[in-house]
Amino acid sequence: MADDAKLKEEIKLQGEKVRQLKAEKASKDAITEEVAKLLELKAQLGEDGPKKFTLKTPKGTRDYSPQQMAIREGVFKTIVECFKRHGAETIDTPVFELKETLTGKYGEDSKLIYDLADQGGELLSLRYDLTVPFARYLAMSKISNIKRYHIARVYRRDNPAMTRGRFREFFQCDFDIAGQYDAMIPDSECVKIVVEILQSLNLGDFVIKVNHRKLLDGMFAACGVPDEKFRSICSAVDKLDKTFWEDVKAEMVDEKGLDPEVADRIGHYVKFNGGPELVDQLLKDEFLCKQKSSIEGLEDMKLLLRYCELYGVLDKVSFDLSLARGLDYYTGVIYESVLKSYACTPGASEDGVSVGSVAGGGRYDGLVGMFDPKGKKVPCVGVSIGIERLFSIMEARAQAAHLKTRTTETEVFVVSAHKGLVEERMKLCKDLWDADIKAEQSYKKNPKPLDQFQYCENTGIPLCLVLGQSEIDSGVVKIRNTQTREERLVPRNTLKEELRQELSRIKAGKSEGNVAT
């Protein structure tokens with residue numbers, strides 16, 4: 001240890017010598033020679049020396065710049081407003097759960113759960129989604145009726161594809177209705193909510209695929225799938241939006257051990273999609289209708305599509321027998337929304353922005369009962385908005401259009417016209433903040449006026465308040481419109497009201513411009 005301390009001292013002295021030579025602008029050869037001596041001394045430290053490390057975020061995660069966060073906050077605001085419009089309240093749950101809480105709820109996706117290291121206490125895992133924690137919360141709190149939304153991070157050991165919005169750490173935005181209600185009334189409202197959100201975000205045409213878990217089970221039974229293979233075959237069918245039928249069939253036959261003829265029968269059905277007419281067609285299918293669960297599923301689908309028509313969203317809905325959703329806890333209606341312009345094409349590369357589904361969900365009537373000591377069931381239905389995938393699209397669009405995104409909400413910048421006015425600026429800022437007006441000033445005592453005006457233009461601050469000694473002596477302030485550069489004097493005692501009126505006019509002008517566009 002003593003030798004190490006001595007060596008570190010030598011390194012320190014040699015480093016100072018190199019810095020001194022550089023400061024004195026010594027010859028390049030002299031500097032190079034002393035630098036070589038410094039590196040030789042550092043090498044002698046070996047494994048105990050300074051370590052080099054790579055500055056990066058962990059795989060499947062990312063940082064967000066102010067510009068990106070401004071876009072994200074806008075999307076969150078749109079989603080929350082929709083949830084609240086439908087009467088939802090919010091909750092929060094821990095970011096990690098007992099491992100046993102999550103075990104056995106996600107089928108084949110259970111391998112993607114992050115388990116935390118055992119530190120001699122409880123065995124814990126990071127939450128995989130917000131649905132299972134919600135069910136645990138209902139059982140613990142003995143709640144049988146709630147309409148809630150929850151926006152929070154979840155974690156999956158998935159293979160990330162950053163440009164497609166697939167991460168290992170990401171936000172989910174969930175809306176769920178828990179309670180014993182009449183068939184398809186809550187389920188259809190979830191579809192309506194997805195339509196409202198996607199239309200509000202102006203992301204182009206989209207489709208909401210719907211199906212029913214009971215219909216899938218009836219279809220598998222009619223095709224000859226053994227009961228014990230239902231869930232694994234369902235997981236295989238769930239991949240049809242990402243790959244070709246031939247690949248899915250190969251998985252069923254080669255990996256799951258399904259009879260090829262049974263797989264071909266499934267292939268016949270999963271090609272069907274349509275609307276109410278498809279329900280009527282399937283209700284006449286003699287093989288399907290031998291299964292009680294098929295009839296129950298089809299009757300539910302008929303009612304769901306009727307309610308979607310009443311809500312004015314039927315044109316956005318497609319009854320699609322290839323939709324499976326592999327999670328084990330679904331028991332009824334399932335849905336998934338895809339943006340047509342950004343849909344994944346089977347066999348295509350992952351370059352560019354194609355994001356798969358941007359919303360998904362369904363009915364899970366048995367999940368809460370898994371946590372209740374007496375097995376009491378609380379019927380639930382819900383939908384999750386894929387915020388990261390939506391954000392990937394909106395970020396790509398903003399970059400392509402070279403859109404300038406405001407990252408602050410500052411309304412007024414207080415400008416000093418000459419030196420010696422820092423205290424007057426502070427007094428004016430204090431008055432503005434107290435009046436709930438968003439304001440800023442320069443942190444330099446004597447900033448140049450041109451630099452202050454340029455800052456307002458660069459950051460999109462709509463108004464400047466210009467202070468000079470003459471304005472102070474006269475009890476007035478000069479209001480300057482950053483965009484038009486128009487200026488006018490207003491009395492100090494009516495300033496706040498004048499500012500509010502001016503800001504309202506600017507906001508109204510922008511709204512009219514957006515409508516015209």
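These legends accompany a set of close-up views of one predicted model.

**View 1. The whole chain, before we zoom in.**
Let's start with the overall picture: the secondary structure comes to 18 helices and 16 strands. The radius of gyration is 31 Å, well over the 24 Å that the globule rule gives for 517 residues, so the chain is more spread out than a compact globule. Along its principal axes, the C-alpha trace spans about 90 × 75 × 45 Å. Of the 517 residues, 46% count as buried. Looking at contacts between residues at least 6 apart in sequence, 70% join residues at least 24 apart.

**View 2. Tyrosines gathered in one aromatic cluster.**
A search of the whole structure finds 11 aromatic pairs, and this view takes you to two of them. Y106 and Y128 form a tilted pair, with 4.3 Å from centre to centre and 45° between the planes. Y106 sits in the loop between α4 (99-102) and β3 (124-126), and Y128 in the loop between β3 and α5 (131-141), so this pair ties together parts that are 22 residues apart in sequence. How accessible is Y106, buried or exposed? Y106 is buried, with a relative accessible area of 0%, and Y128 also counts as buried, at 2% relative accessibility.

Y106 has another partner here: with Y329 it makes an edge-to-face pair, 6.2 Å centre to centre and with 70° between the planes. This pair links distant parts of the chain, since Y329 belongs to the loop between β8 (317-320) and β9 (333-339), 223 residues apart from Y106 in the loop between α4 and β3. Y329 is buried too, with a relative accessible area of 4%. Step back a little and you can pick out the cluster as one group: Y106, Y128, Y329, Y330 and Y364.

**View 3. Two arginines, each over the face of a phenylalanine ring.**
Here are two places where an arginine lies over an aromatic face. R148 lies over the face of F134, at 4.0 Å from the ring centre. R480 does likewise over F453, at 4.2 Å from the ring centre.

**View 4. A buried glutamate in strand β2.**
E97 belongs to strand β2 (residues 96-98). Its relative accessible area is 5%, and residues under 20% count as buried, so E97 is buried. Which residues does E97 touch, not counting those up to four places away in sequence? They are L102, L123, L124, S125, P133 and R136.

**View 5. An open five-stranded sheet with helices packed on it.**
Follow the strands across this open sheet in the order β13-β12-β14-β15-β16, and you will find mixed pairing. The edges are β13 (439-441) and β16 (487-491), each of which pairs on one side only. Neighbouring strands are turned by 30° against each other on average, with direction ignored.

Inside the sheet, β14 (residues 463-467) and β15 (residues 476-481) pair in the antiparallel sense over four bridges. To find your place in this pairing, look for L465, whose bridge partner in β15 is I479. Helix α15 (residues 422-434) lies across β12 (412-416), β13 and β14, and runs at about 165° to β12. Helix α16 (residues 449-459) also packs on the sheet, touching β12, β13, β14 and β15, and its direction makes about 170° with that of β12.

**View 6. Helix α8, enclosed by its surroundings.**
Six of the eight residues of helix α8 (residues 230-237) are buried, so the rest of the structure largely encloses this helix. The buried residues are F230, I233, C234, S235, A236 and V237. What covers them? Their cover includes α7 (213-223), α9 (245-255) and α10 (260-269).

**View 7. Strand β8 and its pairing partners.**
From β8, V317 and F319 point one way while S318 and D320 point the other way, and all are buried. Strand β6 (residues 206-212) runs parallel to β8, joined to β8 by three bridges. In this pairing, K209 stands opposite S318 of β8. Strand β7 (residues 273-274) pairs with β8 in the antiparallel sense, over two bridges. Here N273 is the residue to look for, standing opposite D320 in β8.

Conventions: Residues numbered from 1 in each chain as written. Predicted model: local features only at pLDDT ≥ 70, side-chain atom pairs only at ≥ 80, totals over all residues. Heavy atoms only, no water. Phe/Tyr/Trp six-rings, centres within 6.5 Å; stacked < 30°, edge-to-face > 60°. Buried < 20%, exposed > 50% of the residue type's maximum accessible area, 1.4 Å probe, protein only. Lys NZ or Arg CZ within 6 Å of the ring centre and 35° of its normal. Contact = heavy atoms within 4.5 Å. Pairing = 2+ DSSP bridges. Axes fitted to C-alpha atoms, helices over the stretch in contact; angles between N-to-C directions. Rg over C-alpha atoms; globule rule 2.2 N^0.38 Å.
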